[in-house]
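User: I've got a chain open on my screen and would like to talk through how its parts fit together. Can you take my questions one at a time?

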Amino acid sequence: MYNIFFFTTNACGGKDKKVETETVVEPKTATLQIEKPQLTFGFIKLTDMAPLAIAKEKGFFEEEGLFVTVEAQSNWKNVLDRVIDGQLDGSHMLAGQPIAAGAGFGRQAELVTAYSMDLNGNGITVSNDVWAKMKPNVPKDAEGKPIHPIKADALKPVISSYKNSGKPFKMGMVFPVSTHNYEIRYWLAASGIHPGMYTAENVQGQIDAEVLLSVTPPPQMPATLESGTIYGYCVGEPWNQQAVFKGIGVPVVTNYDIWKNNPEKVFVMTKKFVEENPNTAIAVTKALIRAGKWLDEPANRAEAVKILSKPQYVGAPEEVLANSMTGTFEFEKGDKRSMPDFNVFYKYNATYPFYSDGIWFLTQMRRWGQITEKKPAAWYEETIKKIYKPEIWKKAADLLVAEGKIPAEDIPTTDGYKPATTDFIDGNKYDAKDPIGYINSFKIGNKD
């Protein structure tokens with residue numbers, strides 16, 4: 001803070017003239033020397049791109065000295081390729097993408113994330129016909145409403161009936177290393193339904209599969225379901241609620257129920273970009289942390305829905321976005337239930353890139369054969385520490401605390417690992433410090 005004081009002068013023998021001044025408060029901002037202020041970021045049209053839209057629309061990027069353009073991308077492969085090739089400075093990305101890129105599956109590159117964009121936000125939807133066949137197998141409450149979470153046990157006889165009639169049971173997910181692929185596999189396998197294996201020679205992931213999983217870009221999911229090409233899918237919002245509004249499908253379970261408060265998307269840049277532009281990376285992370293905090297203020301969700309409904313962002317109708325963004329989720333038409341944590345952007349240390357979150361993806365890649373060879377336990381930690389960068393997040397968060405933008409208690413005291421948890425639909429225990437034991441705990445999948 002600096003002060004300009006009141007004082008008087010006597011000019012040319014005239015009367016004393018009072019000159020009024022004011023106290024000026026300098027903004028509590030730690031100035032970073034931004035190496036690259038003009039930036040272009042990518043995203044896919046999903047609700048969980050929200051931190052990017054909010055950081056731009058609410059001026060958080062500009063306050064950090066960043067002038068950001070955000071561009072919708074056609075599919076996840078395009079997102080990955082354009083970041084690796086330098087056409088995008090960073091992007092909203094599937095958590096599994098930077099991990100796979102550094103772990104030997106798919107296109108290889110050195111990518112890093114310092115910011116986790118959200119928790120939860122996905123669902124599994126089936127066609128009306130499949131739901132009609134599942135529903136008699138679903139436990140009901142006293143009012144006759146389905147008891148949630150609905151396990152894949154209810155789907156098992158439906159799959160058997162398709163098989164007996166010579167029809168393969170087909171479902172969609174958004175990308176081979178997407179959370180959605182692992183979530184739908186987890187849900188199916190927890191009920192003894194084999195979702196298929198990957199091998200070095202066969203990257204379709206359909207070996208021994210009782211359900212044939214294939215890739216469909218998120219915005220195309222409802223139309224693909226409606227056409228009968230697939231009978232169900234796992235996708236992020238708003239494309240589950242869109243199926244309800246269009247009357248073509250029924251969401252049966254959310255990923256909150258498959259793995260409570262699971263990590264979903266991350267913001268990714270190349271290792272080269274971060275090394276060449278360290279202050280820019282910190283500034284971007286600062287703006288995104290602020291956006292996450294803004295989003296998790298309940299009073300801001302209605303405005304967030306309006307922003308996301310714009311065609312340059314998600315472009316879905318406000319009522320569709322609001323169905324999940326404002327603390328509810330609609331399953332069967334008219335069966336709207338309270339789900340305040342369906343979309344989390346800041347609570348529960350959602351923005352912090354925990355090593356344990358990343359290691360879970362590595363265990364699933366190994367479980368299903370995308371990582372084709374056995375790895376020692378130490379490999380899992382060594383690999384994730386090259387990709388997840390909580391040290392960048394911490395620098396950004398410390399600056400935000402110093403500037404009064406977030407409270408100090410919002411910075412977790414952690415070694416990068418969350419405690420072991422059984423918050424999964426099957427109650428299985430996940431301890432990131434014992435990745436081999438976790439992989440071996442499943443009946444279906446690789447054993448190491």
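User: In which sense do strand β11 and strand β12 pair?

Analyst: Quick note: this is a predicted model, where local features need pLDDT of at least 70, side-chain atom pairs count only at pLDDT 80 or more, and totals for chains, interfaces and linings use all residues. Residues are numbered from 1 along each chain as its sequence is written, and side-chain values use heavy atoms, with hydrogens and water left out. Strands and helices here are DSSP runs numbered from the N terminus (E, at least two residues; H or I, at least four), and strands pair if DSSP finds at least two bridges between them. Between β11 (residues 170-173) and β12 (residues 212-215) there are four bridges, and the sense is parallel.

User: What is the bridge partner of Gly172 in β12?

Analyst: The chain gets from β11 to β12 through helix α7 (residues 179-189). Across the strand pair, Gly172 is bridged to Ser214.

User: Is Tyr231 buried or exposed?

Analyst: Tyr231 sits in the loop between α8 (221-227) and β13 (232-236). Buried means under 20% relative accessible area, exposed over 50%, partly exposed in between (1.4 Å probe, protein chains only). At 12%, Tyr231 is therefore buried.

User: How far apart in space are Tyr231 and Met269?

Analyst: In sequence they are 38 residues apart. C-alpha to C-alpha, the distance between Tyr231 and Met269 is 35 Å.

User: Which residues does Tyr231 contact, leaving aside neighbours within four places in sequence?

Analyst: Contact means heavy atoms within 4.5 Å. On that basis, the partners of Tyr231 are Val126, Ser127, Val130, Tyr162, Lys167, Pro168, Phe169, Lys170 and Leu225.

Note on methods: Right-handed = clockwise from strand over helix to strand, strands pointing away.
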